[in-house]
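Work through the exercises below with the sequence and the 3D structure open. Try each task before reading its solution.

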Amino acid sequence: MSKSNTIFSLVFRSFPISPSRNTFVARTIRRRTFTSSYSATADDMTVDIPTTDDKSGTTPTQTAWSSKMIAWQAHSYNTVDDLVLTSNARSPTMVEANEVLVRVKASSVNPLDVLMAEGFGQVLLGTIRQAQKMSLHKPVEFPLTLGRDFCGEIIAKGVKVKSFNVGDVVMGVVPPFQQGCHSEFVAVPAGLVAKKPDHLTNEEAAGLLYTGMTAWSALKLFGGLYVMKATNKNVLVIGGSGGVGNCAIQLLKHWGAKVTTTCDSTAINLVKSLGPDNIIDYTAKDAKQQLEEHGKYDIILDAAGISYNKIGSYTPLLKEWSYAAFITLRSPILHNTDSYGFVGGMFKNAIDLLIPNILSGAVFKGSTIRWGTFIPVECGVKELAKLAEEKKILIPLEKTFKFIDLKDAYKRVQEGHLRGKVVITFDKPSMDKARLTN
């Protein structure tokens with residue numbers, strides 16, 4: 001199979017559509033009383049524990065957990081202030097054969113979490129959830145738990161999970177159409193977790209994979225670097241001081257590319273530590289001239305979210321007739337499906353992608369404008385984990401908030417102009433306080 005065909009298999013394997021969990025759950029279900037290091041109560045009753053895989057006859061690890069958990073949830077699409085802290089959220093009560101159940105120790109807050117709290121992406125993400133269930137009816141989406149990446153301890157695993165053991169501390173990422181990880185427990189496919197490198201704190205590990213996979217997907221899948229080698233490619237990263245920009249610079253340098261990046265004067269020292277070849281202060285009067293001097297570029301990655309009417313000023317910097325690409329992470333896909341419905345939105349997406357390519361003149365010079373987005377694939381998670389283990393990639397932290405102060409963390413992300421990741425730590429005092437919430 002060619003590499004180009006493999007890209008599609010990578011993407012679709014990350015969106016498993018399973019008609020039922022019953023293929024994993026054994027015919028015999030054993031009930032076990034929940035026990036915990038933190039004051040189990042009579043209300044923490046029982047949970048379904050799979051005992052035998054029908055096909056393999058293998059017994060999975062037997063671990064019980066509470067039927068209720070602490071979580072921050074949205075009960076409607078409104079604002080961050082409407083998120084609700086509860087100690088009665090339903091825990092994941094069983095895992096599929098390829099899943100692990102994790103007790104979360106830290107989790108990051110991403111811009112997507114803030115947007116999803118306000119209803120962003122509800123149409124397309126709801127359609128994916130419906131397809132997963134193979135149902136003609138729209139699934140119930142509330143209460144909705146947000147949170148896309150985390151670090152925690154595996155407390156149970158499916159029978160097909162061979163590379164992890166109960167007790168392993170892992171970092172992981174959750175697809176946006178699944179219940180998130182701003183909760184005590186989260187269930188996630190084993191392919192989307194990796195063992196936490198010993199030198200990373202829980203907070204550092206918690207902020208790596210969503211940002212990392214966004215940059216990896218944009219460059220490898222949408223930028224074509226999964227098929228073509230990045231060695232000696234000339235790449236411009238717009239917005240090198242943000243989380244995705246940070247990660248993109250580090251990945252590109254590891255892959256052997258020549259990297260030019262932009263940031264403002266206050267972030268130059270931070271960006272310099274990432275090792276780009278050239279740093280341009282975008283507020284400088286001669287910034288455009290500097291961009292031209294270091295061009296032309298094989299790839300321009302917009303990690304800053306510039307407006308659409310400014311993209312045309314960058315496309316002349318792309319190499320001509322060399323499959324060069326301008327990749328923006330400011331994709332209107334979710335916005336369009338929210339505004340026009342699934343069918344109408346996808347039609348609008350096709351128009352919105354075609355028109356800028358024509359008006360900018362990019363297609364007439366052998367280059368294209370493309371939309372990049374977060375795609376969670378196993379090989380990307382493994383590569384990021386390996387680089388983290390080798391101390392070749394690190395996402396800086398801006399601020400850590402306690403679990404009980406999650407709303408403040410969301411508001412900090414909402415303000416923008418971050419110089420690193422915003423992370424929530426599931427500290428014991430906060431969890432004990434949250435446990436009193438009904």
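The exercises go from the whole chain to its sheets, helices and unusual backbone spots.

This is a predicted model, in which local features need pLDDT of at least 70, side-chain atom pairs count only at pLDDT 80 or more, and totals for chains, interfaces and linings use all residues. Residues are numbered from 1 along each chain as its sequence is written, and side-chain values use heavy atoms, with hydrogens and water left out.

**Exercise 1. The whole chain**

Task: State how many helices and strands the chain has, and what share of its residues is buried.

Solution:
- Step 1. The chain has twelve helices and 18 strands. Helices (H or I, at least four residues) and strands (E, at least two) are DSSP runs, numbered from the N terminus.
- Step 2. Of the 438 residues, 53% are buried. Buried means under 20% relative accessible area, exposed over 50%, and partly exposed in between (1.4 Å probe, protein chains only).
- Step 3. Take the contacts between residues at least 6 apart in sequence: 71% of them join residues at least 24 apart. Contact means heavy atoms within 4.5 Å.

**Exercise 2. The six-stranded sheet**

Task: Give the strand order of the open sheet of six strands, and find its edges.

Solution:
- Step 1. The order is S13-S12-S11-S14-S15-S16, and the pairing is parallel. Two strands pair if DSSP finds at least two bridges between them.
- Step 2. Strand S13 (278-281) and strand S16 (368-371) are the edges, since each pairs on one side only.
- Step 3. From one strand to the next, the twist averages 20 degrees. Axes are lines fitted to C-alpha atoms, for helices over the stretch in contact, and angles run from 0 to 180 degrees between N-to-C directions.
- Step 4. Four bridges pair strand S15 (residues 325-328) with S16 in the parallel sense, and Thr-328 stands opposite Trp-371 in S16.
- Step 5. Helix H8 (residues 287-294) packs on this sheet, where it touches strand S11 (234-238), strand S12 (258-263) and S13. The direction of H8 makes about 160 degrees with that of S13.
- Step 6. In a regular strand the side chains alternate between the two faces of the sheet. On S16, Ile-369 and Trp-371 form the covered face, while Thr-368 and Arg-370 form the uncovered one.

**Exercise 3. The three-stranded sheet**

Task: Which strand order and which kind of pairing does the sheet of three strands have?

Solution:
- Step 1. The order is S4-S3-S6, with antiparallel pairing in an open sheet.
- Step 2. Strand S4 (84-90) and S6 are the edge strands.
- Step 3. Strand S3 (residues 68-74) is joined to S4 by five bridges, and Met-69 stands opposite Ala-89 in S4.

**Exercise 4. Helix H3 and what follows**

Task: Compare the reach of H3 with its expected span, then list its buried residues and their packing partners.

Solution:
- Step 1. Helix H3 (residues 122-133) has twelve residues and reaches 16 Å from first C-alpha to last, close to the 16 Å expected at 1.5 Å a residue. The expected span is 1.5 Å times one less than the number of residues.
- Step 2. Leu-124, Leu-125, Gly-126, Arg-129 and Gln-132 are the buried residues of H3.
- Step 3. These buried residues pack against helix H2 (111-117), strand S6 (144-145) and helix H9 (333-359).
- Step 4. After H3 comes Met-134, with a positive phi near 50 degrees.
- Step 5. In the loop between H3 and S6 lies Pro-143; the peptide bond from Phe-142 to Pro-143 is cis, with omega near -5 degrees.

**Exercise 5. Backbone exceptions elsewhere**

Task: Locate the cis bond before Lys-296, then say whether Trp-321 and His-417 are buried or exposed.

Solution:
- Step 1. Gly-295 and Lys-296 are joined by a cis peptide bond with omega about 5 degrees. Lys-296 is in the loop between H8 and strand S14 (299-302).
- Step 2. Trp-321 is not a glycine, yet its phi is positive, about 55 degrees. Trp-321 sits in the loop between S14 and S15 and is exposed, with a relative accessible area of 62%.
- Step 3. His-417, also not a glycine, has a positive phi of about 55 degrees. His-417 lies in the loop between helix H11 (406-415) and strand S18 (421-425) and is exposed, with a relative accessible area of 73%.
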